[in-house]
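Got your viewer open? Here is a short tour, one selection at a time.

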Amino acid sequence: FGPRSLGARSILANPTIPEMKEILNKKIKLREPYRPFAPICLDKDVKDFFEIDIQSNFMLFICKTKKDKIKKIPSVVHVDGTARVQSINTENLHLHKILTEFKNLTNIPILINTSFNIGGEAIVNTVEDAVNSFKRMDIDYLILDNCIYTKNENFSEKKIPVTQFINNRRDKFKKKNNYPIYRISYYNSNFYIKFSSFLIRKIKEIFFKKYYL
C-alpha cells in the first residue's frame with residue numbers, strides 16, 4: 001500500500017506484447033499467473049489512453065482504459081478494462097527519457113512498471129541484491145546508475161529453489177539490519193479489523209517475551 005517507486009527499483013517491460021503479463025509472472029516474478037501489472041505513462045499522454053481527470057503520480061488510482069486503446073497495451077489492462085496508471089513527468093528525468101524514446105520507437109508512451117523482486121521476497125535494496133536478482137531472473141538488461149549490464153552467452157548461474165533464494169536474502173538482511181522486523185500484513189489486517197483486540201494481543205506478547213523468554 002502507499003505510493004509506488006517511480007522506476008528506481010523496477011522491472012520495465014513492453015506492454016504491447018499480449019503475452020508479457022504471463023511471461024513476467026511465470027518466468028521472471030515467479031508468482032501466480034493472474035497477477036496484474038500497472039502502466040507508467042508520460043504525463044502529457046495519460047488522458048489519451050485512460051479515463052482519468054486527476055494527477056496520478058504515485059500509482060494510487062484505478063481508472064478505465066479507453067476502449068480504442070485496450071488492444072494497444074494489453075499487458076497492463078485488467079480483465080474489467082481498468083488500469084492503475086502512474087504518470088511520469090520530467091521530475092524523474094531518466095524514466096521520462098526512457099518513456100519518450102519508447103514512444104519514438106513504438107508510438108506508445110507507456111511501459112510496464114513492476115517491483116524488482118521475485119514473488120515472495122522484498123524489493124531489492126542494494127546493488128548486491130540487484131545483481132543477485134538479475135542473475136536469478138530471466139531479465140535481459142540491468143541498469144545501475146549510468147551503466148547497462150547484460151548477460152553474455154557463457155553466463156550461467158546455478159539455479160536454487162525460490163524459497164532458498166528468499167531465505168538467503170532474508171538472512172543477509174537480518175545480519176545488516178539492527179532494527180526490529182515487523183510483518184506488515186499482520187499489522188494491516190489488525191488495524192482494519194479491531195484495533196483494541198490488536199492492542200491487547202501486543203501487550204500480551206510483550207509481557208510474555210519479558211517474563212518468559
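Strands here are DSSP runs of E with at least two residues, numbered from the N terminus, and two strands pair if DSSP finds at least two bridges between them. The model is predicted: local features need pLDDT of at least 70, side-chain atom pairs count only at pLDDT 80 or more, and totals for chains, interfaces and linings use all residues. Residues are numbered from 1 along each chain as its sequence is written, and side-chain values use heavy atoms, leaving out hydrogens and water.

Start with the open three-strand sheet, ordered 3-4-5 and paired antiparallel. Strand 3 (50-51) and strand 5 (82-83) are at the edges with a single partner strand each, so one side of each has no neighbour in the sheet. Now pick residues 63-65: that's strand 4, joined to strand 3 by two antiparallel bridges. Zoom in on E51, whose bridge partner in strand 4 is K64.

Next, select F49 and F50. Both are buried (under 20% relative accessible area, 1.4 Å probe, protein chains only). What is the angle between their ring planes? It's 40 degrees, with the centres 6.5 Å apart, so the pair is tilted (centres within 6.5 Å make a pair; planes under 30 degrees apart are stacked, over 60 edge-to-face, the rest tilted). A search of the whole structure finds just this one aromatic pair.

Add K69, which lies over the face of F49 at 5.4 Å from the ring centre (NZ of Lys or CZ of Arg within 6 Å of the centre and within 35 degrees of the ring normal). Then hop to K151, over the face of F134 at 4.6 Å from the ring centre.

Last stop: Y141, in strand 8 (residues 141-144). Y141 is exposed (over 50%), at 55% relative accessible area.

Terms used. Helices (H or I, at least four residues) and strands (E, at least two) are DSSP runs, numbered from the N terminus. Rings of Phe, Tyr and Trp (its six-membered ring) pair if their centres lie within 6.5 Å; planes under 30 degrees apart count as stacked, over 60 as edge-to-face and the rest as tilted.
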